[in-house]
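Visitor: I would like a close look at a single part of this model. Please take me inside it.

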Amino acid sequence: MKITEKPLETERMVLNFGPHHPSTHGTLRIIMELDGETVVKATPEIGYLHSGFEKLGEDLDFNQYITITDRMNYLSPLCNNVAYALVAEKLMDIEVTKRTRYIRVLLSELSRIADHILNIGMLAVDLGALTSFLYGFRLREDIYDLFEMATGTRLTTSYTLVGGLMRDLPEGYGKEVNRVLVETDKIVNDIETLLNKNRIWQDRTKEIGVISKEDAISYGLSGPMARASGIDWDLRVKEPYSSYEDFDFDVVIALNGDVFDRYLVRTEEIRQSMKICRQALEKMPSGDVIIDPGLGYSLPPKDEVYNSIEGLIYHFEVTMPNRGMMPPVGEAYVPTESPNGELGFYLVSDGTRTPYRVRTRPPSLMNYSIFSKLIEGHMLSDAPAIIGSINVIAGELDR
Amino acid sequence: MDQDYIKSNVLTTTLESAINWGRKHSLWPMPFGTACCGIEFMAVLASRTDLARFGAEAIRFSPRQSDLLIVAGRISIKMMPVLIRIYEQMPEPKWVISMGACASSGGVFDTYSVIQGIDRFIPVDVYVPGCPPRPEGVVDGLMKLQKKVGKEKLSDYTTSNTS
Amino acid sequence: MPLAKTFSFIKDKFPESVYDVTESSGEQIFHIRSEVVRDVLEIFKEKGFNFLADITAIDNLTLGGFERYAVVYHLLSHDSLERVTVKAYVAEDKPSIPSVEKLWKTADWQEREIYDLFGITFDGHPNMVRIMNPDDFTGHPLRKDYPRLGNKERDDYPVIKPAFKRK
Ligand code: SF4
């Protein structure tokens with residue numbers, strides 16, 4: 001008894017956490033002031049992956065920049081592709097076909113599953129539960145295979161074009177997706193069985209990093225972070241884009257706003273995404289995936305370029321400087337619901353073929369900015385749990 | 001002694017090849033994953049590709065305990081001093097794999113803040129091309145490095161060359 | 001329409017400080033002088049725009065505008081599902097603007113980012129230091145007169161030779 005009554009006297013210590021620490025997922029650095037094991041003050045330092053995306057965007061035309069958006073959020077690159085294509089289409093006032101929208105929804109939701117499952121796995125690894133990570137990664141590999149079938153690569157997909165998609169889905173895609181969805185269901189159930197009632201897991205995640213509703217709004221949080229704090233806000237429902245209004249799914253909300261709730265929201269969102277995927281496959285309309293190439297906006301299909309002289313000439317014309325895609329002078333902002341939250345692109349155009357200014361509204365930056373508030377008063381060992389539950393993606397954070 | 005006994009129990013080799021054999025099959029990598037390539041490197045370690053089959057699964061996040069630095073991802077001007085520091089902290093012998101276009105040459109990021117190839121500043125042994133390289137590519141790079149380690153000469157390691 | 005009402009309310013309150021109201025791609029853009037940005041955003045906040053979605057800046061060097069820089073605020077109302085863009089113009093010779101960090105905490109890092117990339121300082125911000133680039137960085141890379149390839153910052157590191165000679 002006596003020992004607990006009189007705590008050990010300790011001096012304040014400054015600890016440098018990162019930038020290359022395994023639980024910082026790459027490139028975060030936090031300077032923490034510790035009193036014993038309790039964090040008194042934390043100052044995050046970011047910018048270790050600042051790569052000048054926005055400067056680069058001013059030199060690339062609209063279709064070229066889509067390849068760059070992949071590299072921004074590398075857990076769910078397809079969502080970025082879709083978001084950027086949407087903003088360029090809004091700026092140029094292009095309507096894409098119904099099939100394009102449905103495919104975009106299908107693939108965005110698949111990436112949402114892949115993103116959430118990896119995030120849960122990483123969170124579990126950081127807290128010492130390796131199995132969930134390996135289970136989750138097996139599923140992610142299956143989803144990578146789906147991406148590879150559709151887009152040709154595993155990670156850096158660059159699948160959308162302004163005004164459509166790079167190509168249509170291959171034959172038999174629906175069957176493969178359904179197979180993976182069955183697998184997803186199993187793996188999510190497995191992970192939940194391993195974690196939900198696990199005593200250690202609960203001890204390490206419940207009541208840790210609690211975010212109140214007011215804080216969530218003041219700090220600009222969005223996505224699962226905001227929904228775990230009881231904010232009923234999902235852009236797919238509130239401001240539907242890309243035909244999300246056609247789908248029937250629930251917005252997942254939790255009330256406590258701690259790490260455990262964020263984990264629960266993510267697992268449940270995986271189930272909702274599966275629902276959307278199934279509906280998208282069922283209702284998939286037929287038709288083209290690219291708008292009429294004669295408009296001068298988008299590249300012609302690859303077949304035409306390789307097999308006909310008109311296609312080749314047209315391809316040249318579209319990609320030549322001062323020809324092809326010329327948007328009107330103006331600006332557009334499109335918010336989308338990426339796995340992390342509100343991913344917005346803001347384009348300003350001066351009427352030339354490259355944008356005047358490309359701005360990304362990175363959900364990670366806003367979500368991470370609350371970190372120093374969350375960790376204060378917690379133990380040092382809670383830092384990985386909180387970082388993991390925020391799902392900071394350095395590429396998007398620093399751009 | 002009986003001839004058979006000797007045959008089955010005595011092995012003659014050179015010290016060099018014995019050491020190299022040991023080194024190349026127990027590389028301890030330190031992943032310096034910063035961006036997308038870091039995620040693919042995770043895939044290399046995870047279930048399907050499983051780097052453990054090549055004796056390089058003992059991932060260490062401390063430079064003092066590792067002999068293979070795998071730089072996966074773009075290195076910004078703010079990160080470069082950290083990378084140099086980590087490289088210098090690793091004990092000899094040490095090798096470096098530069099994974100992906102960004103680490104090798106800056107990749108698509110020809111901008112003010114991305115180092116145009118880490119080999120401008122630190123020595124690199126194996127380059128793995130791709131953006132990102134497939135996990136198979138990384139495994140191939142590792143095997144190339146193993147071959148290289150196998151051919152090294154102990155006499156080349158002379159401390160007198162330190163400068 | 002409540003948004004139009006808010007606009008006219010602000011126009012009445014700050015008649016000299018409102019340049020214009022325009023529309024682009026279906027979005028209402030409200031152009032104001034930088035001095036009043038805090039008051040204007042406070043009014044918007046009171047009128048239900050509770051969420052500051054994004055802050056960014058534009059260098060109008062070749063685009064043209066009321067001043068050289070524009071700081072752009074994207075506001076969102078969770079109740080009425082409306083969005084509005086507020087553009088505050090900042091002069092070239094004295095690039096500074098009041099901070100809105102007191103209204104929304106999310107402004108903290110984003111204003112630092114704008115300071116780092118555009119060199120616009122925010123009055124009243126608690127910690128106005130660079131966030132993306134290293135502290136010893138000079139220049140502000142997203143200004144239009146800054147070259148994309150930088151001023152050789154990326155080549156300026158010591159070259160490490162292998163400590164042991166290998167052939
Ligand atoms: S090489 Fe490609 S995948 Fe790898 S870090 Fe660079 S951009 Fe990302």
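How do the residues of the lining of the largest cavity divide into nonpolar, polar and charged?

Guide: Seven are nonpolar, four are polar and two are charged. (Nonpolar means Ala, Val, Leu, Ile, Met, Phe, Trp, Tyr, Cys and Pro; charged means Asp, Glu, Lys and Arg; the others, Gly among them, are polar.) This is a predicted model: local features need pLDDT of at least 70 and side-chain atom pairs 80 or more, while totals for chains, interfaces and linings use all residues. Residues count from 1 along each chain as written, chains run from A and ligands from 1 in written order, and side-chain values use heavy atoms, without hydrogens and water.

Start with the void itself. The structure holds four cavities of 30 Å³ or more. (A cavity is a set of points, on a 1 Å grid over the protein atoms alone, where a 1.4 Å probe fits but cannot get out; lining residues have an atom within 4 Å of a point.) The largest cavity has a volume of about 80 Å³. (Volume is the space filled by probe spheres on the points, which are joined across faces, edges and corners.)

Now the wall. The lining of the largest cavity has 13 residues. Those closest to the cavity centre are B:Cys36, B:Cys37, B:Cys102, B:Cys131 and B:Pro132. Two elements of chain B, α3 (36-45) and α5 (100-105), give two or more residues to this lining. (Helices are DSSP runs of H or I, at least four residues; strands are runs of E, at least two; both are numbered from the N terminus.) The top contributor is α5(B), with three residues.

What sits in the largest cavity? The ligand does. (That requires more than half of its atoms to lie within 2 Å of the grid points.) Around the ligand stand 13 residues. (Each has a heavy atom within 4 Å of the ligand.) The closest are A:Arg71, B:Cys36, B:Cys37, B:Cys102 and B:Cys131. The site is shared between chains, because residues from chains A and B surround the ligand.

The helices return in this shell. Both α3 and α5 of chain B supply at least two residues each to the shell around the ligand. Here α5(B) gives the most, with three residues. By chemistry, the ligand shell divides into eight nonpolar, three polar and two charged residues. The cavity lining, as above, has seven nonpolar, four polar and two charged.

For contrast, take the second largest cavity. About 50 Å³ of space lies there. Its lining includes A:His50, A:Gly52, A:Phe53, A:Glu54 and A:Lys55. A:Asp398 and A:Arg399 also line the second largest cavity, as does B:Tyr112. From chain C come C:Glu113, C:Leu117 and C:Leu142. Two helices, α2 (53-57) of chain A and α3 (107-118) of chain C, each supply at least two of these residues. The largest share, three residues, belongs to α2(A). This second lining divides into four nonpolar, two polar and five charged residues.

Last, a sheet in chain A for orientation. Strands β1, β2 and β3 form an open sheet in the order β1-β2-β3, with antiparallel pairing. (Strands pair if DSSP finds at least two bridges between them.) At the edges stand β1 (12-17) and β3 (38-45) of chain A, each with a single partner strand, so one side of each has no neighbour in the sheet. Six bridges join β1(A) to β2 (residues 29-35) of chain A. Across that pair, A:Asn16 has A:Ile31 in β2(A) as its bridge partner.

Technical notes. On a 1 Å grid over the protein atoms alone, a cavity is a set of points where a 1.4 Å probe fits but cannot get out, and a pocket is an open set with protein on both sides within 12 Å along at least five of seven lines; lining residues have an atom within 4 Å of a point.
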